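Reader: I'm new to this structure and a bit lost. Could you pick one part, walk me through it slowly, and then follow it to wherever seems worth looking?

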Amino acid sequence: MVGTDRLTKQDIADYASDGVCVLRGAFAGDWLEALRTGVEKNLAEPGPWAGEHGDGQGKFFDDYCNWERIAEYRAFVHESPAAAIAAAVMQSPTAQFFHEHVLVKEPGTIKRTPWHQDAPYYCVDGGQTVSFWIPLDPVPLDVCPEFLAGSHLWQKLYYPRRFTNDTDYDYDGGGFETIPDIDNEREKYDIRSWALAPGDAILFHFRTVHGAPANPGQGRRRGFAPRWLGEDARFVARPGKTSPPYPGIGLKTGERMREDWFPVLWPRPGGD
Ligand SMILES: O=C(O)CCC(=O)C(=O)O
(Lines give C-alpha, C1' and ligand atoms only; values in the text may rest on other atoms or scores of the structure.)
Protein backbone atom coordinates (compact mmCIF):
# COMPACT_ATOMS: atom_id res chain seq x y z
CA MET A 1 0.00 0.00 0.00
CA VAL A 2 1.34 3.45 -0.83
CA GLY A 3 -0.13 6.91 -0.45
CA THR A 4 -1.25 8.87 2.59
CA ASP A 5 -0.12 6.04 4.89
CA ARG A 6 3.45 7.11 4.04
CA LEU A 7 2.80 10.53 5.58
CA THR A 8 3.47 10.48 9.31
CA LYS A 9 2.56 13.04 11.96
CA GLN A 10 6.28 13.85 12.08
CA ASP A 11 6.29 14.60 8.30
CA ILE A 12 3.36 16.98 8.78
CA ALA A 13 5.12 18.70 11.68
CA ASP A 14 8.38 18.91 9.66
CA TYR A 15 6.48 20.39 6.74
CA ALA A 16 4.95 23.07 8.96
CA SER A 17 8.31 24.07 10.46
CA ASP A 18 10.69 23.47 7.54
CA GLY A 19 8.47 24.05 4.49
CA VAL A 20 9.84 20.82 2.99
CA CYS A 21 9.85 17.08 3.69
CA VAL A 22 10.50 13.90 1.74
CA LEU A 23 8.15 10.94 1.43
CA ARG A 24 9.73 7.64 0.51
CA GLY A 25 7.80 5.27 -1.73
CA ALA A 26 4.72 7.49 -1.97
CA PHE A 27 3.74 6.49 -5.51
CA ALA A 28 3.48 3.01 -6.96
CA GLY A 29 5.24 1.84 -10.13
CA ASP A 30 2.10 2.04 -12.28
CA TRP A 31 1.79 5.74 -11.62
CA LEU A 32 5.44 6.27 -12.44
CA GLU A 33 5.13 4.39 -15.73
CA ALA A 34 2.07 6.44 -16.63
CA LEU A 35 3.85 9.71 -15.82
CA ARG A 36 6.90 8.66 -17.87
CA THR A 37 4.58 8.02 -20.83
CA GLY A 38 3.00 11.42 -20.24
CA VAL A 39 6.36 13.17 -20.13
CA GLU A 40 7.44 11.59 -23.43
CA LYS A 41 4.18 12.82 -25.01
CA ASN A 42 4.84 16.24 -23.52
CA LEU A 43 8.39 16.35 -24.92
CA ALA A 44 7.17 15.24 -28.35
CA GLU A 45 4.36 17.79 -28.32
CA PRO A 46 5.17 20.74 -26.01
CA GLY A 47 2.45 23.12 -24.88
CA PRO A 48 2.33 26.86 -25.63
CA TRP A 49 4.36 27.79 -22.54
CA ALA A 50 7.16 25.23 -22.83
CA GLY A 51 10.74 26.44 -22.42
CA GLU A 52 14.28 25.23 -23.05
CA HIS A 53 16.98 26.79 -20.93
CA GLY A 54 20.74 27.02 -20.93
CA ASP A 55 23.53 27.17 -23.41
CA GLY A 56 22.77 24.09 -25.48
CA GLN A 57 24.81 21.67 -23.33
CA GLY A 58 22.34 18.88 -22.68
CA LYS A 59 18.73 20.01 -22.51
CA PHE A 60 16.73 21.60 -19.71
CA PHE A 61 13.08 21.46 -20.76
CA ASP A 62 10.14 22.67 -18.76
CA ASP A 63 6.45 22.95 -19.42
CA TYR A 64 3.23 23.31 -17.46
CA CYS A 65 -0.57 23.28 -17.61
CA ASN A 66 -0.83 20.22 -19.87
CA TRP A 67 -2.74 18.05 -17.41
CA GLU A 68 -6.06 18.36 -19.21
CA ARG A 69 -4.70 17.27 -22.61
CA ILE A 70 -2.26 14.52 -21.51
CA ALA A 71 -4.36 11.61 -20.28
CA GLU A 72 -1.66 10.17 -18.00
CA TYR A 73 -1.22 13.50 -16.19
CA ARG A 74 -5.00 13.91 -15.90
CA ALA A 75 -5.40 10.45 -14.40
CA PHE A 76 -2.60 11.06 -11.90
CA VAL A 77 -4.10 14.37 -10.80
CA HIS A 78 -7.60 12.93 -10.37
CA GLU A 79 -6.93 9.39 -9.17
CA SER A 80 -3.52 9.06 -7.50
CA PRO A 81 -3.06 9.54 -3.73
CA ALA A 82 -1.54 13.00 -4.42
CA ALA A 83 -4.70 15.00 -3.56
CA ALA A 84 -5.12 13.21 -0.23
CA ILE A 85 -1.44 13.63 0.64
CA ALA A 86 -1.60 17.31 -0.31
CA ALA A 87 -4.61 17.99 1.95
CA ALA A 88 -3.01 16.11 4.83
CA VAL A 89 0.40 17.82 4.65
CA MET A 90 -1.18 21.27 4.23
CA GLN A 91 -3.50 20.47 7.18
CA SER A 92 -6.36 21.63 4.98
CA PRO A 93 -9.80 20.01 4.70
CA THR A 94 -9.56 20.40 0.91
CA ALA A 95 -6.96 20.15 -1.85
CA GLN A 96 -7.55 22.20 -5.00
CA PHE A 97 -5.40 21.46 -8.01
CA PHE A 98 -3.38 24.43 -9.32
CA HIS A 99 -1.31 22.96 -12.14
CA GLU A 100 1.48 20.51 -12.97
CA HIS A 101 5.02 21.48 -13.95
CA VAL A 102 7.40 19.14 -15.72
CA LEU A 103 11.14 19.74 -15.45
CA VAL A 104 13.44 17.51 -17.48
CA LYS A 105 17.23 17.70 -17.36
CA GLU A 106 18.64 15.37 -19.97
CA PRO A 107 22.11 13.81 -19.41
CA GLY A 108 24.93 16.33 -19.73
CA THR A 109 22.80 19.38 -18.84
CA ILE A 110 25.02 22.06 -17.34
CA LYS A 111 22.29 24.60 -16.54
CA ARG A 112 21.45 24.97 -12.86
CA THR A 113 17.93 25.90 -11.86
CA PRO A 114 18.31 29.29 -10.14
CA TRP A 115 17.38 29.71 -6.49
CA HIS A 116 13.81 30.98 -6.27
CA GLN A 117 10.47 30.75 -4.51
CA ASP A 118 7.48 29.60 -6.56
CA ALA A 119 4.88 31.87 -4.91
CA PRO A 120 6.03 35.12 -6.58
CA TYR A 121 5.65 33.55 -10.05
CA TYR A 122 2.05 32.65 -9.22
CA CYS A 123 -1.24 34.50 -9.11
CA VAL A 124 -2.06 32.80 -5.82
CA ASP A 125 -0.65 32.76 -2.30
CA GLY A 126 -1.57 31.35 1.07
CA GLY A 127 -0.36 29.53 4.14
CA GLN A 128 -1.71 26.21 2.82
CA THR A 129 0.11 25.37 -0.41
CA VAL A 130 2.21 22.43 -1.52
CA SER A 131 4.18 21.31 -4.55
CA PHE A 132 5.37 17.75 -5.06
CA TRP A 133 8.65 17.06 -6.88
CA ILE A 134 8.37 13.47 -8.04
CA PRO A 135 11.45 11.92 -9.66
CA LEU A 136 10.78 9.57 -12.56
CA ASP A 137 14.45 8.48 -12.58
CA PRO A 138 16.91 7.69 -9.78
CA VAL A 139 18.30 11.03 -8.62
CA PRO A 140 21.72 11.08 -6.91
CA LEU A 141 22.20 13.53 -4.05
CA ASP A 142 24.33 15.93 -6.10
CA VAL A 143 21.60 16.26 -8.74
CA CYS A 144 18.59 16.57 -6.40
CA PRO A 145 16.81 19.94 -6.08
CA GLU A 146 17.82 21.77 -2.89
CA PHE A 147 15.54 23.51 -0.39
CA LEU A 148 16.24 26.10 2.33
CA ALA A 149 14.52 24.77 5.44
CA GLY A 150 12.33 27.36 7.17
CA SER A 151 12.49 29.87 4.30
CA HIS A 152 8.70 29.68 3.77
CA LEU A 153 8.39 31.59 7.08
CA TRP A 154 10.79 34.43 6.22
CA GLN A 155 7.94 36.82 5.32
CA LYS A 156 9.86 37.78 2.19
CA LEU A 157 8.97 37.48 -1.46
CA TYR A 158 11.81 37.41 -3.96
CA TYR A 159 11.55 38.49 -7.59
CA PRO A 160 10.87 35.49 -9.78
CA ARG A 161 13.92 34.55 -11.86
CA ARG A 162 13.95 33.58 -15.50
CA PHE A 163 15.27 30.00 -15.74
CA THR A 164 16.88 30.83 -19.09
CA ASN A 165 19.37 33.49 -17.93
CA ASP A 166 18.80 33.84 -14.14
CA THR A 167 17.61 37.47 -14.40
CA ASP A 168 14.78 38.89 -12.27
CA TYR A 169 11.29 39.41 -13.68
CA ASP A 170 10.33 43.00 -14.50
CA TYR A 171 7.89 43.30 -11.60
CA ASP A 172 7.41 46.99 -10.85
CA GLY A 173 6.75 47.57 -7.13
CA GLY A 174 5.04 45.10 -4.87
CA GLY A 175 7.83 44.82 -2.28
CA PHE A 176 9.85 42.06 -3.97
CA GLU A 177 13.55 41.68 -3.15
CA THR A 178 16.39 40.22 -5.21
CA ILE A 179 17.21 36.78 -3.87
CA PRO A 180 20.52 36.58 -1.93
CA ASP A 181 23.55 34.91 -3.54
CA ILE A 182 22.91 31.64 -1.73
CA ASP A 183 25.65 29.62 -3.43
CA ASN A 184 28.24 32.12 -2.23
CA GLU A 185 27.31 31.60 1.42
CA ARG A 186 25.80 28.15 1.58
CA GLU A 187 27.01 27.67 5.16
CA LYS A 188 24.48 30.31 6.30
CA TYR A 189 21.54 28.15 5.31
CA ASP A 190 19.97 24.84 6.32
CA ILE A 191 20.01 23.25 2.85
CA ARG A 192 18.02 20.04 2.42
CA SER A 193 18.27 17.54 -0.42
CA TRP A 194 18.13 13.77 -0.75
CA ALA A 195 19.19 10.91 -3.00
CA LEU A 196 15.84 9.90 -4.48
CA ALA A 197 14.33 6.78 -6.01
CA PRO A 198 11.36 6.85 -8.41
CA GLY A 199 8.22 6.81 -6.25
CA ASP A 200 9.66 9.14 -3.61
CA ALA A 201 8.32 12.68 -3.47
CA ILE A 202 9.66 15.91 -2.06
CA LEU A 203 6.84 18.09 -0.71
CA PHE A 204 7.53 21.83 -0.46
CA HIS A 205 5.66 25.05 0.24
CA PHE A 206 5.16 27.66 -2.53
CA ARG A 207 7.26 30.10 -0.44
CA THR A 208 10.17 27.71 0.24
CA VAL A 209 13.37 28.90 -1.46
CA HIS A 210 14.79 26.21 -3.73
CA GLY A 211 16.99 25.61 -6.76
CA ALA A 212 18.56 22.63 -8.49
CA PRO A 213 22.03 21.56 -9.60
CA ALA A 214 23.07 20.74 -13.13
CA ASN A 215 22.76 17.18 -14.41
CA PRO A 216 26.20 16.58 -15.90
CA GLY A 217 26.11 12.76 -15.65
CA GLN A 218 24.74 9.99 -17.86
CA GLY A 219 21.24 9.62 -16.40
CA ARG A 220 18.06 11.52 -17.24
CA ARG A 221 16.50 13.61 -14.49
CA ARG A 222 12.76 13.87 -15.12
CA GLY A 223 10.72 15.63 -12.42
CA PHE A 224 6.93 15.82 -12.32
CA ALA A 225 5.63 18.56 -10.02
CA PRO A 226 1.89 18.77 -9.29
CA ARG A 227 0.98 21.89 -7.30
CA TRP A 228 -1.90 22.13 -4.82
CA LEU A 229 -3.84 24.79 -2.93
CA GLY A 230 -5.44 24.51 0.50
CA GLU A 231 -8.43 26.19 2.05
CA ASP A 232 -6.75 29.55 2.74
CA ALA A 233 -5.17 30.08 -0.72
CA ARG A 234 -6.40 33.21 -2.51
CA PHE A 235 -5.86 34.89 -5.87
CA VAL A 236 -3.29 37.69 -5.80
CA ALA A 237 -2.62 40.19 -8.59
CA ARG A 238 1.13 40.49 -9.27
CA PRO A 239 2.82 43.60 -10.74
CA GLY A 240 3.63 41.85 -14.02
CA LYS A 241 2.99 38.72 -16.04
CA THR A 242 2.81 35.61 -13.86
CA SER A 243 4.02 32.13 -14.69
CA PRO A 244 1.79 30.35 -15.59
CA PRO A 245 0.13 33.43 -17.08
CA TYR A 246 -3.58 32.40 -16.95
CA PRO A 247 -4.93 35.03 -19.36
CA GLY A 248 -8.62 35.81 -18.77
CA ILE A 249 -8.72 34.38 -15.25
CA GLY A 250 -11.04 37.23 -14.20
CA LEU A 251 -10.30 37.21 -10.44
CA LYS A 252 -9.50 39.97 -7.96
CA THR A 253 -6.97 39.85 -5.13
CA GLY A 254 -8.45 38.02 -2.16
CA GLU A 255 -10.89 35.89 -4.15
CA ARG A 256 -10.85 32.09 -4.04
CA MET A 257 -9.39 30.41 -7.09
CA ARG A 258 -12.15 29.47 -9.53
CA GLU A 259 -13.08 25.81 -9.29
CA ASP A 260 -13.88 25.42 -12.98
CA TRP A 261 -10.18 26.03 -13.78
CA PHE A 262 -8.72 24.66 -10.54
CA PRO A 263 -10.79 21.68 -9.40
CA VAL A 264 -11.16 20.69 -5.77
CA LEU A 265 -10.03 17.04 -5.80
CA TRP A 266 -9.95 16.34 -2.09
CA PRO A 267 -12.30 15.23 -0.69
CA ARG A 268 -12.74 13.12 -3.81
CA PRO A 269 -15.56 14.43 -5.99
CA GLY A 270 -18.28 11.77 -5.77
CA GLY A 271 -16.99 10.71 -2.36
CA ASP A 272 -15.29 7.36 -3.13
O1 LIG B 1 13.45 20.58 -11.32
C2 LIG B 1 14.11 21.61 -11.16
O3 LIG B 1 15.18 21.81 -11.72
C4 LIG B 1 13.58 22.70 -10.26
C5 LIG B 1 12.26 22.36 -9.64
C6 LIG B 1 11.48 23.56 -9.25
O7 LIG B 1 11.96 24.66 -9.24
C8 LIG B 1 10.08 23.37 -8.87
O9 LIG B 1 9.54 22.27 -8.98
O10 LIG B 1 9.47 24.39 -8.45
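**A loop, its oddities, and the ligand**

Author: Let's start with Y246, which sits in the loop between strand 13 and strand 14. Strands here are DSSP runs of E with at least two residues, helices are runs of H or I with at least four, and both are numbered from the N terminus. Bear in mind that this is a predicted model, where local features need pLDDT of at least 70, side-chain atom pairs count only at pLDDT 80 or more, and totals for chains, interfaces and linings use all residues. Residues are numbered from 1 along each chain as its sequence is written, and side-chain values use heavy atoms, with hydrogens and water left out.

So what's odd about Y246? Its phi is near 45°, a positive value in a residue other than glycine. Most residues other than glycine have a negative phi, and most peptide bonds are trans. Y246 is also buried, with a relative accessible area of 11%; buried means under 20%, exposed over 50%, and partly exposed in between, using a 1.4 Å probe and protein chains only.

The loop between strand 13 (234-235) and strand 14 (264-266) also holds P244, and a cis peptide bond with omega of about 0° joins S243 to P244. Another cis bond links W266 and P267, with omega about -5°; P267 is in the segment after strand 14.

Q91 has a positive phi too, about 55°, and is not a glycine. You'll find Q91 in the loop between helix 4 (82-90) and strand 4. Unlike the buried Y246, Q91 is exposed, at 53% relative accessible area.

Now for the ligand. The residues around it include L103, K105, W133, F204 and R221, where "around" means having a heavy atom within 4 Å. Strand 4 (95-105), strand 5 (113-116), strand 11 (210-212) and strand 12 (221-229) each give at least two residues to that shell.

Polar contacts are pairs of N or O atoms within 3.5 Å. Oxygen atoms of the ligand have such partners in the side chains of T113, at 2.6 Å, and H210, at 2.9 Å. R227 joins in as well, with a polar side-chain atom 3.2 Å from a ligand oxygen. Taken alone, the ligand exposes 290 Å², and the protein buries 99% of that; these areas come from the Shrake-Rupley method with a 1.4 Å probe.

Methods:
Polar contact = N/O pair within 3.5 Å; in protein donor to acceptor, adjacent residues only side chain to side chain.
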